[in-house]
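Q: Please take a close look at a single part of this protein, and then set that part against the rest of the chain. I am a first-year student, so please explain each term when it comes up.

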Amino acid sequence: MPRTIITGIGMYVPERVITNKELTQYMDTSDEWIQERTGIKERRFAHRTQETTTTMAVEAAKMAMERAGVTAADIDFIVFATLSPDYYFPGCGVLLQRAMGMKEIGALDVRNQCSGFIYALSVADQFIKSGMYKNILVVGSEKHSFGLDMSTRGRHVSVIFGDGAGAVVLQPTEEEGRGILSTHLHSDGSEAEVLAMYNPGTHANHWKEGLADFDESVISEMFVSQKMVDKEQFFPNMDGQAVFKKAVVKFPEVIMEALNKNGYSPSDLKLMVPHQANLRISQFVQHKLKLRDDQVYNNIQRYGNTTAASIPLALCEAWQEGRINKGDLVCLAAFGSGFTWASALLKW
Ligand SMILES: CC(C)(COP(=O)(O)OP(=O)(O)OC[C@H]1O[C@@H](n2cnc3c(N)ncnc32)[C@H](O)[C@@H]1OP(=O)(O)O)[C@@H](O)C(=O)NCCC(=O)NCCS
């Protein structure tokens, strides 16, 4: 059976840099607080009207495809991970297919938030290994800046997130000692509301009381009501401490699962590229696994948490900096809303 390799990787971040200091114009926060708790110094915000989640993905995809030496006509499947799609439906996959003038290929949208890229990679890996597709484009892209509560009320969430996109081209290889060795996907929905954006949605307070204010007697109100708008119930919600506590357990667990499955230990890793959730979480995981600084890649300081885009963005920069070379053992790991968590172990 062939293995899946990344033959091209690309990234795109918007030009506009938003420093921590700039956020103090909108909310009661400080550069010191943000850096101390998250490690973030700045993030990028997309152009309000000229850039969307899909347009950023297109830029990242063009770079990945050029590096892989393939054209839009060669791509035979798209997997698009995002939690901030251009439309509620259809998903960004078809918008990317249209924007890039691709053939009438399959376009799959993945909604696994921070674990989205690894989930997407895992799905694509199965299609390559089975021989069904030969050139798959996997992208993660987010335009968070459009959906954040920029007032003091939302500061514990809004200071963390940024915009950007990353993409990879996946192809089969028969080359010994290369490719994706295994992927590991997990979920635990028992705390689904701990990190979530509830509205607009069809839940109608079924799972938990008080998430949306609407008048049940009005047939059209449940999805979007004036009360929801007035009470600003359209922003992401997060219990940061609950997320932190779970993340520092599940990250090491899923990394060890991947290493154990393939007979490796943390010391064998050339590079670990964690989802850039929070620098403190990455440092905790590094410490727990006794990894050296040169074995872990972080760029959250410059981009914030870009959810589904964070792993391909970090992987792309690590590769550009020469931190990953052919045959190197690389582990990708993520944890986030759902909760979902995942890892992928690969030989570059
Ligand atoms: C969000 C996070 C940075 C908050 O840090 P924390 O140490 O848990 O802080 P708390 O929420 O307990 O808040 C501590 C204080 O800081 C305040 N605060 C929250 N956000 C603030 C901000 N941006 N600026 C200044 N003060 C802030 C709180 O209001 C609270 O004030 P109080 O003590 O007067 O009530 C932290 O919980 C975290 O990183 N969690 C993981 C989040 C994550 O990774 N999410 C993405 C998952 S993929």
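A: A residue is called buried when its relative accessible area is under 20%, exposed when it is over 50%, and partly exposed in between, with a 1.4 Å probe and protein chains only. Strands (E, at least two residues) and helices (H or I, at least four) are DSSP runs, numbered from the N terminus. This is a predicted model, in which local features need pLDDT of at least 70 and side-chain atom pairs count only at pLDDT 80 or more, while totals for chains, interfaces and linings use all residues. Residues are numbered from 1 along each chain as its sequence is written, and side-chain values use heavy atoms, with hydrogens and water left out.

The part chosen here is strand β12, which covers residues 329-336, and eight of its eight residues are buried, so β12 is largely enclosed by the rest of the structure. In a regular strand the side chains alternate between the two faces of the sheet. In β12, L329, C331, A333 and F335 lie on one side and V330, L332, A334 and G336 on the other, and with every one of these residues buried, both faces are covered.

The neighbours of β12 come next, where two strands are said to pair if DSSP finds at least two bridges between them. Strand β11, made of residues 271-274, runs parallel to β12 and is joined to it by four bridges. Within this pairing, L271 has V330 of β12 as its bridge partner, and P274 is partnered by A333 of β12. The side chains of β11 also point two ways, with L271 and V273 directed one way and M272 and P274 the other, and all of them are buried.

The other pairing is with strand β13, residues 340-347, which runs antiparallel to β12 and is joined to it by eight bridges. One of the matched pairs is F335 with W341, the latter in β13. Together β12 and β13 form a hairpin with three residues between them, and G338 in that turn has a positive phi of about 145°. The peptide bond that leads from G338 to F339 is cis, with omega near -10°, and F339 itself sits in the loop between β12 and β13.

With that part in view, other local details can be placed around the chain. Another cis peptide bond joins N199 and P200, with omega about -5°, and P200 belongs to the loop between β9 (195-196) and α7 (226-230). A positive phi also occurs in residues other than glycine: E232, in the loop between α7 and β10 (237-238), has a phi near 50°, and T307, in the loop between α10 (300-303) and α11 (310-320), has one of about 45°. The surroundings of these residues can be compared through their accessibility, for E232 counts as partly exposed at 43%, whereas T307 is buried at 2%.

Among the helices, α4 (residues 92-99) has C92, G93, L95, L96 and Q97 as its buried residues, and what covers them includes α3 (53-68), β4 (77-81), β5 (106-110) and β6 (136-142). After α4 comes G101, whose phi is positive, near 60°. In helix α5, residues 116-129, one finds D125, which counts as buried at 1% relative accessibility. Leaving aside residues up to four places away in sequence, D125 touches T4, I180 and T183, where a contact means heavy atoms within 4.5 Å.

As for the protein as a whole, it contains 11 helices and 13 strands. Its radius of gyration, taken over C-alpha atoms, is 20 Å, close to the 20 Å that the globule rule gives for 348 residues, so the protein is as compact as a globular protein of that length; the rule is 2.2 Å times the number of residues to the power 0.38. Along the principal axes, the C-alpha atoms fill a box of roughly 60 × 45 × 40 Å. Of the 348 residues, 56% count as buried, and of the contacts between residues at least 6 apart in sequence, 76% join residues at least 24 apart.
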